[in-house]
Amino acid sequence: MKTKLLDVLQCPRCAADLKVTPFEEDKNEIRRGKLTCTGATEHAFDIEDGIIRFATGFDHEAVKRELEYENSTYTGSDRLTDAKLIAQFPETLHELWPHTCYFGPDFKVLITHLDLKRDSWVLDIGTGPCWSSRLLAQTGANVVALDVNEANFYGLKTSDILFEAHNVYFDRILESMTHLPFRDASLDFITFNASFHHTPNHDETLRECHRVLKPGGKIAMVNEEFASLRHRLFAGAEATDGGSHHSIPYSDFEKAAKQYGFGLQYFVADHVRQKLLPGAVQLLETFPVLLKQMNSALIILSKPEAEKSLPKMETKTPVLQS
């Protein structure tokens with residue numbers, strides 16, 4: 001981590017300021033050290049391989065299930081640990097997983113919908129092997145990658161491969177998307193690429209995103225599993241990868257987004273746009289109810305410039321939405 005990150009961080013347990021004690025540094029960052037908070041109870045968190053290991057939201061069953069799935073299935077081929085191949089994600093994603101061939105182009109178009117500047121703070125949630133964070137960092141913005149997995153090749157430690165291959169840098173945080181360790185109104189943008197549908201609780205995740213975004217800030221997401229009327233009418237068995245992957249009804253997602261005051265915009269995802277005539281694209285984006293019947297959309301949520309009072313969260317244990 002870089003010390004600049006302390007400008008936007010807070011203790012995930014008590015919301016106090018954090019201070020860092022470096023143990024080992026390289027030319028880019030603090031590679032090993034400790035973060036401690038200034039609260040009445042001094043909470044402490046390790047920094048290992050440059051990654052801040054908060055992990056305060058890891059007691060949820062969905063997080064445990066996702067980690068178990070990823071760590072037990074990322075085996076079987078030397079190409080899964082080929083640093084040269086992984087360094088060129090997303091361009092080489094299709095060589096391992098053909099169905100992800102459009103993830104890169106879709107995310108690159110997502111970036112164009114954000115007004116990223118060199119002083120912007122961007123949080124990339126559920127980054128996995130970090131290639132989306134790499135693309136964001138190449139804009140010059142301050143980028144933070146957040147994921148529940150820190151593994152080499154498919155988790156946050158993949159960042160070291162990307163730093164060397166692309167001469168970029170971004171901070172990394174090990175944490176759940178329901179426990180964002182950032183100060184209120186500290187971030188400009190949040191991105192999700194095929195990751196929001198892994199949330200342990202979509203309502204709680206949106207609430208946290210609203211809290212940490214500045215007024216006027218935006219969330220951008222693409223390649224998510226949202227279920228429309230068509231999907232419900234013609235549903236087979238719900239697709240699942242055995243981890244935390246699950247489908248969220250558009251109606252539930254929109255209800256939660258509007259509850260926290262977000263404005264919503266829908267755009268045709270790039271890989272779909274390339275197959276349609278301009279008139280069809282315009283029709284779908286003019287009438288989102290039609291767009292939502294397709295399998296993917298680029299979605300922008302905007303936090304209003306004026307704050308609004310948020311409803312109180314229920315105290316019961318969050319339940320995985322299905």
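Colleague: Before we look at this predicted model, what does buried mean here, in terms of relative accessible area?
Modeller: A residue over 50% relative accessible area counts as exposed, and one in between is partly exposed. Buried residues are those under 20%.

Colleague: Why is helix α7 said to be largely enclosed by the rest of the structure?
Modeller: Helix α7 covers residues 202-212, and its buried residues include His202, Leu206, Cys209 and Val212. Helix α7 is largely enclosed because its buried residues number 10 of the 11.

Colleague: Which elements do the buried residues of α7 pack against?
Modeller: The partners include one helix, α9 (250-259), along with several strands. In full, the buried residues of α7 pack against α9 and against β5 (121-125), β8 (187-193), β9 (213-222), β11 (248-249) and β13 (297-302).

Colleague: At the start of α7, which backbone nitrogen does a side-chain oxygen of Asn201 reach?
Modeller: The side-chain oxygen of Asn201 comes to within 3.1 Å of its partner at the start of the helix. That backbone nitrogen belongs to Asp203.

Colleague: Is Glu25 buried or exposed?
Modeller: Glu25 lies in strand β1, which spans residues 18-25, and, beyond its neighbours within four places in sequence, Glu25 is in contact with Ile30 and Arg31. Because its relative accessibility is 55% and the cut-off is over 50%, Glu25 counts as exposed.

Colleague: Over which residues does pLDDT stay under 50?
Modeller: Across the protein the mean pLDDT is 92, and 91% of residues reach 70 or more. There is nevertheless a stretch under 50, for which the model has 22 contacts beyond four places in sequence, and this stretch is residues 313-322.

Terms used:
Residues are numbered from 1 along each chain as its sequence is written. This is a predicted model: local features need pLDDT of at least 70, side-chain atom pairs count only at pLDDT 80 or more; totals for chains, interfaces and linings use all residues. Side-chain values use heavy atoms; hydrogens and water are left out. pLDDT is the predictor's confidence in each residue, from 0 to 100. Contact means heavy atoms within 4.5 Å. Helices (H or I, at least four residues) and strands (E, at least two) are DSSP runs, numbered from the N terminus. Buried means under 20% relative accessible area, exposed over 50%, partly exposed in between (1.4 Å probe, protein chains only). A polar contact is a pair of N or O atoms within 3.5 Å; within protein, one must be able to donate a hydrogen and the other to accept it, and residues adjacent in sequence count only if both atoms are side-chain atoms.
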